[in-house]
Amino acid sequence: MATKRTENQDCEYLAYDWSAYCAAIADLHLPRFAEIPDIPLYMDQLIGYVGKQMELFALPSEKPLTSSMVNNYVKMRLVPQPEAKRYQPLHVAYLILVCLAKRMYSMSEIERLVAIDVQHRFQVPDVYDRFIELFEGSLRTLFCGGSPAGEMGHLTMREEPGSFGLVVADAAEITEVDRAYLVFANSLASKIYVEQMLLNRDHRAE
């Protein structure tokens, strides 16, 4: 069934123009931990900021983040308790991870995946940056024609045109945790590819 849309949605969903969408993926830069605003955010500011980071992956009628979602994630202890109803970079990082992961994984699975390498809060910046680098690389692999070369998530990747996943230059350097990160990032990138590809096909079929 084709996706029903309004007159203005041609501008709202970049995936309607597949070449433009792939070009946007090639240029994508999600904020690293040090780039997240280092000021306390109120709920509406938090929702606006995180929602903007999710814009490229949006689907019709989808709300990437709402106040109810944030409160539920806090109650479930997926996201730390805010201080005086204000949210710090730590909260933003957790919410970006959750907003991406919930497309494919249950809340319990997300909690366990994060716990693989995060035992203390001071570890979050490094783990967050590592995941984001691998996630962006996985997206480019799928949307832009193969594994790009470069350092990603503490691993060295080699260029491999036509591959459907990042190719590690030296397989001997992959640990069990590295493998978990790679599979996690690639699975989310694959989910987004399928969602956006179907959105594009539905649009063209109308």
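These questions and answers walk through a predicted model of one protein chain.

User: What is the mean pLDDT of the chain?
Analyst: This is a predicted model, so confidence comes first. In this chain, 92% of the residues reach a pLDDT of 70 or more. The mean pLDDT of the chain is 90.

User: Over which residues does pLDDT stay under 50?
Analyst: Where pLDDT is low, the predicted coordinates should not be read in detail. The stretch in question has 17 contacts beyond four places in sequence in the model. Its pLDDT stays under 50, and it covers residues 1–10.

User: Which element gives the most residues to the largest nonpolar core?
Analyst: The largest nonpolar core has 60 residues. Those with the most contacts inside it are Leu-46, Phe-57, Leu-100, Phe-131, Phe-135 and Leu-139. Elements giving two or more residues to this core include helix 2, helix 7, strand 3 (155–157) and helix 8 (176–205). The most comes from an element that gives 11 residues, helix 5.

User: Which residues does Phe-135 touch, not counting those up to four places away in sequence?
Analyst: Phe-135 is one of the residues with the most contacts inside the largest nonpolar core. Phe-135 also belongs to an aromatic cluster with Phe-57, Tyr-105, Phe-131 and Phe-184. Beyond four places in sequence, Phe-135 touches Leu-30, Phe-57, Leu-100, Ala-185, Leu-188, Ala-189 and Ile-192.

User: Is Ser-138 buried or exposed?
Analyst: Ser-138 has its place in helix 7. Leaving out residues up to four places away in sequence, Ser-138 touches Leu-166, Ala-185, Asn-186 and Ala-189. Its relative accessible area is 1%. The cut-off for burial is under 20%, so Ser-138 is buried.

User: Why do the buried residues of helix 4 lie on the same side?
Analyst: The buried residues of helix 4 (residues 67–75) are Val-70, Tyr-73 and Val-74. They lie on the same side of helix 4 because the arc they cover around the axis is only 100 degrees.

User: Which helices are among those covering the buried residues of helix 4?
Analyst: The residues to be covered are Val-70, Tyr-73 and Val-74. Their cover includes helix 3 (43–53), helix 5 (89–101) and helix 6 (107–115).

User: What phi does Arg-77 take?
Analyst: Arg-77 comes just after helix 4. Its phi is positive, at about 65 degrees.

User: How many residues apart in sequence are the parts tied together by Tyr-21 and Phe-143?
Analyst: The whole structure holds 11 aromatic pairs. The rings of Tyr-21 and Phe-143 have centres 5.4 Å apart and planes at 55 degrees, so this pair is tilted. Tyr-21 lies in helix 2 (residues 18–27) and Phe-143 in helix 7 (residues 124–143), so the parts they tie together are apart in sequence by 122 residues.

User: What are the relative accessibilities of Tyr-21 and Phe-143?
Analyst: Both residues count as buried. Tyr-21 has a relative accessible area of 1%. For Phe-143, the relative accessibility is 6%.

User: What kind of pair do Phe-33 and Tyr-128 form?
Analyst: Phe-33 is buried at 18% relative accessibility, and Tyr-128 is buried at 0%. Their ring centres are 6.5 Å apart. Their planes stand at 70 degrees, so the pair is edge-to-face.

User: Where in the chain do Phe-33 and Tyr-128 lie?
Analyst: This pair links distant parts of the chain, 95 residues apart. Phe-33 is in the loop between helix 2 and helix 3, and Tyr-128 is in helix 7.

User: Which ring does the charged end of Arg-130 sit over?
Analyst: The charged end of Arg-130 is 4.3 Å from the centre of this ring. The ring belongs to Tyr-181.

Conventions: Residues numbered from 1 in each chain as written. Predicted model: local features only at pLDDT ≥ 70, side-chain atom pairs only at ≥ 80, totals over all residues. Heavy atoms only, no water. Buried < 20%, exposed > 50% of the residue type's maximum accessible area, 1.4 Å probe, protein only. Helix = DSSP H or I, 4+ residues; strand = E, 2+ residues; numbered from the N terminus. Arc of directions from axis to C-beta. Contact = heavy atoms within 4.5 Å. Phe/Tyr/Trp six-rings, centres within 6.5 Å; stacked < 30°, edge-to-face > 60°. Lys NZ or Arg CZ within 6 Å of the ring centre and 35° of its normal. pLDDT = per-residue confidence, 0-100. Core = buried A, V, L, I, M, F, W, Y, C linked by side-chain atoms within 4.5 Å.
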